[in-house]
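I opened this notebook to keep track of what I looked up in the structure. The entries are short, one topic at a time.

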There are 2 protein chains.
Amino acid sequence: MATIDDVAKLAGVSKGTVSSVFSKKRPISQPVTDRVLSVAKELGYFPNHIARSLAIKKTMIVGLKMPISKEGSTTQFEIQMLNGVIKECTKHGYRILLDTLPEHEDLTQFSSDPVDGVIMLNPRKHDQRIERFEQMRIPLVLVGRPDPLESSISYVDNDNEQLAYEVGSYLLKQGHRSILFLNASANMTVSVDRVNGLKKAYEEQGIPYDNVHVMNFDRQQHATPMDYGYMSILQMHEQIPFAAVVSDTDRVALGILRATRELGIDVPKDLSIVALSNDVRLAEEMSPKLTSVELSAETLGAEAGRILIQKMKDPSTVEQLIVDAQLIVRESTRSL
Amino acid sequence: MATIDDVAKLAGVSKGTVSSVFSKKRPISQPVTDRVLSVAKELGYFPNHIARSLAIKKTMIVGLKMPISKEGSTTQFEIQMLNGVIKECTKHGYRILLDTLPEHEDLTQFSSDPVDGVIMLNPRKHDQRIERFEQMRIPLVLVGRPDPLESSISYVDNDNEQLAYEVGSYLLKQGHRSILFLNASANMTVSVDRVNGLKKAYEEQGIPYDNVHVMNFDRQQHATPMDYGYMSILQMHEQIPFAAVVSDTDRVALGILRATRELGIDVPKDLSIVALSNDVRLAEEMSPKLTSVELSAETLGAEAGRILIQKMKDPSTVEQLIVDAQLIVRESTRSL
DNA sequence: CCAAATCATTAAAGCGGTTTAATTAAACCG
DNA sequence: CGGTTTAATTAAACCGCTTTAATGATTTGG
């Protein structure tokens, strides 16, 4: 690759001049500009992004820390989130550096990243990385609440407790008492939040919580989310009574529906299903159309991007945003 | 941020020594190593990735050029592909720089990228960028055939013509003559390839091709792929006779199924459906389970990653790989 | 017509690392 | 003990760009 020196030499100017021609930060006379440009084209010269970044301390790249388990692939939630981040960042000229390693393998614990800011998914409890970014003065926005909650850290999140509370209240109002809850993995904070929300709904209506059976997704047992839904129904429908099931995602609901068809269970006559959805379109395409809570993963991503971009402009920015979810009643639930 | 100079000064050594302590490329005595490390921790020093990249001419980052239309979001194909790329690259310590701008807005036409190699989706005819990367000596692997075909360019691709040919042959053997083909967008080369393959199947079996009706996805008309499937069936089932439909993707098939349910058409008794799938799991979860051709988008991505990594080691590497697809007969087709 | 102001250009000093060649210190050996 | 290796460390050059301060050249205006 030709460098700025080559161009400068051949064009008979200083490299400062060549730099100015490309960056247009300083006026250069027309004849000189033309000469430089033609020499550059001749040599196939392109400014080196890395050298430039080093000099101006800016890369126009946003880091996205989105751990993906070795075997598993990205979830629908992550995809939607990513989409939101991409759209928002691209709009402002930023690109995304994907970082899918789990925290403990994170290479960046040994070196800083070539990014102007970072969006980090699902921070863990007392996440070491958060203070590291703080220390390095790299603008950071979390997707998911930091734990412990810290008023100086920007984040976006759903209110998972509230969301489960709404679902619970809705089902209880419809007369459902025995609920099967196919929750997310046990080790996720979102799972805990949801259970709390559901409990709250029961307490508020003065109904004993005993009849709620909570299961957790477990990669060991269930190959896919759909499997999770399918197997759970097959397994539980003989063991315990339930007239409603709350599903982790819409893919899980797909499996639930398969099981009901095989068992001759009619939805929603015999069984009501509510999904905590992250793919509205899929929910609308099932039959019956799925009553679901839209998690707005894309909005979450876009808002994280927006806040980060603002923070990169003004590092003092702090914003903590709860994106609220909405229960959309479709065809898979009915009142008892 | 503390720099290597700060550490060197405070530890009373040269920066070359500090560099060696971190890179371990040269032995440094234990006492010195300890002193440097403790000073580094004290100052919160992390080697600067950009400066390092500039010096060693290596970033351990792979660029992924994956244009996404402004309104539309990533397709399932792209997601799967991305997944494959991520897995393969992560395995070898590379990270992904996502670049979703359409070709004509590509920023990199004005500056080189901080990447060691590039994977580029869906190259256009006579794609300017290909020679630019060549010129810059940046290893490049395409996903999708270059046009014109060039023996020096590495790429991975499906054989879309072959694939459509197989689907056509299969349907014809099952006795199907009138086929509705819900193809991809008209402007995609894959659409053309598929039609050619289908035609070939007809010709080979000496059956007139007149009874094949080809439609194309069009963002203007169809909000979602599912809409495309749904609307097309509603619209065409009165106008022309067909006992089989070939669907662009499994999401389109979802829409087709919705239409058949509404119209009281039984699948596969009254109508056979074959999908060109990029999400096997979805295909298996529908009812009836979808007969489909697995496009192996993830394999495509992983192979592209593998070839690129090899090419970054040995720039003389050239590999052109056709990932073959497989027709999996499930429940949505039957013999007439 | 000369001093002042304006404009285009340049030389050199960064940006924060790596690496080569030279230097010093320590170890070895007959 | 002097000479030779070997090991550890350093000074300085370099990676390719930006930017500041200085320098000439040109224009302006009183």
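**Entry 1: the surface near DNA strand C.** I sorted the residues near DNA strand C by class and found 14 nonpolar, 8 polar and 6 charged. I keep in mind that this is a predicted model. Next I asked which of the 28 residues around this strand come nearest. They are A:Thr17, A:Val32, A:Lys57, B:Ile4 and B:Ser19.

I then looked at which elements build this surface. At least two residues each come from α4 of chain A, and from α2 (15-23) and α4 (49-56) of chain B. The largest share belongs to α4(B), with 5 residues.

Which part of DNA strand C does the protein meet within 4 Å, backbone or bases? I noted that 68% of those strand atoms are sugar or phosphate, and the rest belong to bases.

**Entry 2: phosphate contacts on strand C.** I went through some phosphate oxygens of DNA strand C. One lies 2.7 Å from a backbone N or O atom of B:Ile4. B:Ile4 is also among the nearest residues I listed above. A:Ser14 also uses a backbone N or O atom, at 2.9 Å from a phosphate oxygen. For B:Arg52 I found a side-chain N or O atom instead, again 2.9 Å from a phosphate oxygen of the strand.

**Entry 3: DNA strand D.** I turned to the other strand named in my notes. Of the 28 residues around DNA strand D, the nearest are A:Ile4, A:Lys15, A:Ser19, B:Thr17 and B:Val32. Within 4 Å of the protein, sugar and phosphate make up 74% of the strand D atoms.

I picked out A:Lys15 for a closer look. An N or O atom of the A:Lys15 side chain is 2.5 Å from a base nitrogen of DNA strand D. Two other residues meet phosphate oxygens of this strand. A:Asn48 does so with a polar backbone atom at 2.8 Å. B:Ser29 does so with a polar side-chain atom, also at 2.8 Å.

Which elements give two or more residues to the surface near DNA strand D? They are α2 and α4 of chain A, together with α4 of chain B. I found that α4(A) gives the most, 5 residues. By class, I get 14 nonpolar, 8 polar and 6 charged residues near DNA strand D.

**Entry 4: an annotated span.** I checked the record for chain A. UniProt, in an unreviewed entry, lists residues 2-56 of chain A as "domain: HTH lacI-type". In the model, that span is 71% helix and 0% strand. Its end C-alpha atoms lie 21 Å apart.

**Entry 5: aromatic pairs.** I searched the whole structure and got 6 aromatic pairs over all chains. One of them joins A:Phe22 and A:Tyr45, with ring centres 5.2 Å apart; the planes stand at 75°, so I call the pair edge-to-face. A:Phe22 sits in helix α2 (residues 15-23) of chain A, and A:Tyr45 in the loop between α3 (30-43) and α4 (49-56), so the pair ties together parts 23 residues apart in sequence.

Is each ring residue buried or exposed? A:Phe22 is partly exposed, because its relative accessibility is 30%. A:Tyr45 is buried, at 9% relative accessible area.

I looked at chain B too. B:Phe217 and B:Tyr228 also pair edge-to-face, at 5.3 Å centre to centre and 65° between the planes. B:Phe217 is in the loop between β7 (212-216) and α9 (225-239), while B:Tyr228 is in helix α9, 11 residues away. I note both B:Phe217 and B:Tyr228 as buried.

**Entry 6: arginine over tyrosine.** In chain A, A:Arg258 lies over the face of A:Tyr230, 3.9 Å from the ring centre. In chain B, I found B:Arg258 over the face of B:Tyr230, with 3.9 Å to the ring centre.

**Entry 7: two single residues.** I placed B:Thr333 in the segment after β12 (326-328) of chain B. B:Thr333 is buried, at 10% relative accessible area. Its side chain makes a polar contact with the side chain of B:Thr291, at 2.9 Å.

Last, I looked up A:Ala184, in the loop between β6 (179-183) and α8 (189-204) of chain A. A:Ala184 is buried, with 6% relative accessible area. From A:Ala184 to A:Arg194 I count 10 residues in sequence and 9.3 Å in space, C-alpha to C-alpha.

Key. Residues numbered from 1 in each chain as written. Chains lettered and ligands numbered in written order. Predicted model: local features only at pLDDT ≥ 70, side-chain atom pairs only at ≥ 80, totals over all residues. Heavy atoms only, no water. Phe/Tyr/Trp six-rings, centres within 6.5 Å; stacked < 30°, edge-to-face > 60°. Helix = DSSP H or I, 4+ residues; strand = E, 2+ residues; numbered from the N terminus. Buried < 20%, exposed > 50% of the residue type's maximum accessible area, 1.4 Å probe, protein only. Lys NZ or Arg CZ within 6 Å of the ring centre and 35° of its normal. UniProt positions renumbered as here; feature names shortened; annotations may be inferred. Near = heavy atom within 4 Å. Polar contact = N/O pair within 3.5 Å; in protein donor to acceptor, adjacent residues only side chain to side chain. Nonpolar A, V, L, I, M, F, W, Y, C, P; charged D, E, K, R; others polar.
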